[in-house]
Amino acid sequence: MTMWRLALPCLLLAACGEREGASEASTIAEAQVAASVVALSATEAAAMREAPEPPTFIDVRTPEEWAEGHVEGARLMPLADFDPAALDGENVVLYCRSGRRSAEAATMLAEHRGESVAHMDGGFIAWADAGYPTVTPEG
């Protein structure tokens, strides 16, 4: 999480002033929300599993998608039922199939927490393609 807190001011500075005519306050507020979602590659997410306090991987796909295969050790919390408050106090990396839904969930969680939240860009597809541990149905 320290990495995200260090990156946040840089991202905010880069995002400020991008749109002419926008009020400074709205531009900063939008930059804060965008900057509070950190997109990790599958490699970066896998490396975080080796940290002394590794994050919990949260899969926001449907139960049907989960049953087809998921990141080893992950928990299921479908986007349709996503409750940011249920993750209070947890260090998490969110993921879905490709990264779109997990980015949406990460935005919700970042807004709830008021701090940076990570999601895996490329999602389960990128994770599985990279050969990282998955749980798949027996058969």
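**Figure 1. How much of the chain is buried, and how its elements are laid out.** Of the 139 residues in the protein chain, buried ones make up 37%. Keep in mind that this is a predicted model. The chain holds 6 helices and 7 strands. Starting at the N terminus, the elements follow the pattern α-α-β-α-β-α-β-β-β-α-β-α-β. Now for the contacts in the chain with a separation of 6 or more: residues 24 or more positions apart account for 63% of them.

**Figure 2. An open sheet built from 5 strands.** The strands line up in the order E1-E6-E5-E2-E4, and the pairing is parallel. E1 and strand E4 (75-76) stand at the edges with a single partner strand each, so one side of each has no neighbour in the sheet. E1 and E6 run parallel and are joined by 4 bridges. Look for Val37, which stands opposite Val117 in E6, and for Val38, which stands opposite Ala118 in E6. Helix H5 packs on this sheet, where it touches E1, E5 and E6, and its direction makes about 175 degrees with that of E6.

**Figure 3. Strand E5 and its two partners.** Strand E2 (residues 56-59) pairs with E5 in the parallel sense, over 4 bridges. Zoom in on Ile58 and you'll find that its bridge partner in E5 is Leu94. E5 is also joined to E6 by 2 bridges, again in parallel. Here the bridge partner of Val93 is Ala118 in E6. Follow the chain from E5 through H5 to E6 and you trace a β-α-β crossover, which is right-handed.

**Figure 4. Side chains on both faces of E5 and E6.** In a regular strand, side chains alternate between the two faces of the sheet. On E5, Val92 and Leu94 point one way, Val93 and Tyr95 point the other way, and all are buried. What about E6: are Val117, His119, Ala118 and Met120 buried or exposed? They are all buried, with Val117 and His119 on one side and Ala118 and Met120 on the other, so both faces of E6 are covered.

**Figure 5. Helix H5, end to end and side to side.** The 14 residues of helix H5 (residues 100-113) should span 20 Å at 1.5 Å a residue, and this agrees with its end C-alpha atoms, which are 20 Å apart. Which residues of H5 are buried? They are Arg101, Ser102, Ala105, Ala106, Leu109 and Ala110. These buried residues cover an arc of only 165 degrees around the axis, which puts them on the same side of H5. An α-helix has 3.6 residues a turn, so residues three or four places apart point the same way. Turn to the other side of H5, and there Arg100 and Glu111 are exposed. The cover over the buried residues of H5 includes strand E1 (37-40), helix H4 (63-68), strand E5 (92-95) and strand E6 (117-120). Just after H5 comes Gly114, with a positive phi near 75 degrees.

**Figure 6. Ser98, in the loop between E5 and H5.** This view zooms in on Ser98, whose place is in the loop that links E5 and H5. Ser98 is partly exposed, with a relative accessible area of 38%. Which residues does Ser98 touch, leaving aside those up to four places away in sequence? They are Asp121, Gly122 and Gly123. Met120 is worth finding here too: Ser98 and Met120 are 22 residues apart in sequence, while their C-alpha atoms are 8.3 Å apart in space.

**Figure 7. Ala126, a residue of helix H6.** Ala126 lies in H6, which takes in residues 123-129. With a relative accessible area of 23%, Ala126 is partly exposed. Not counting residues up to four places away in sequence, Ala126 touches Ala42 and Asp121. Asp121 also turns up among the residues touched by Ser98. As for Gly99, it is 27 residues from Ala126 in sequence, and the two are 9.3 Å apart in space, C-alpha to C-alpha.

Notes: Residues are numbered from 1 along each chain as its sequence is written. This is a predicted model: local features need pLDDT of at least 70, side-chain atom pairs count only at pLDDT 80 or more; totals for chains, interfaces and linings use all residues. Side-chain values use heavy atoms; hydrogens and water are left out. The expected span of a helix is 1.5 Å times one less than its number of residues. Buried means under 20% relative accessible area, exposed over 50%, partly exposed in between (1.4 Å probe, protein chains only). The arc is that of the directions from the helix axis to the C-beta atoms. Contact means heavy atoms within 4.5 Å. Two strands pair if DSSP finds at least two bridges between them. A crossover is right-handed if, with the strands pointing away from the viewer, the path from the first strand over the helix to the second runs clockwise. Axes are lines fitted to C-alpha atoms, for helices over the stretch in contact, and angles run from 0 to 180 degrees between N-to-C directions.
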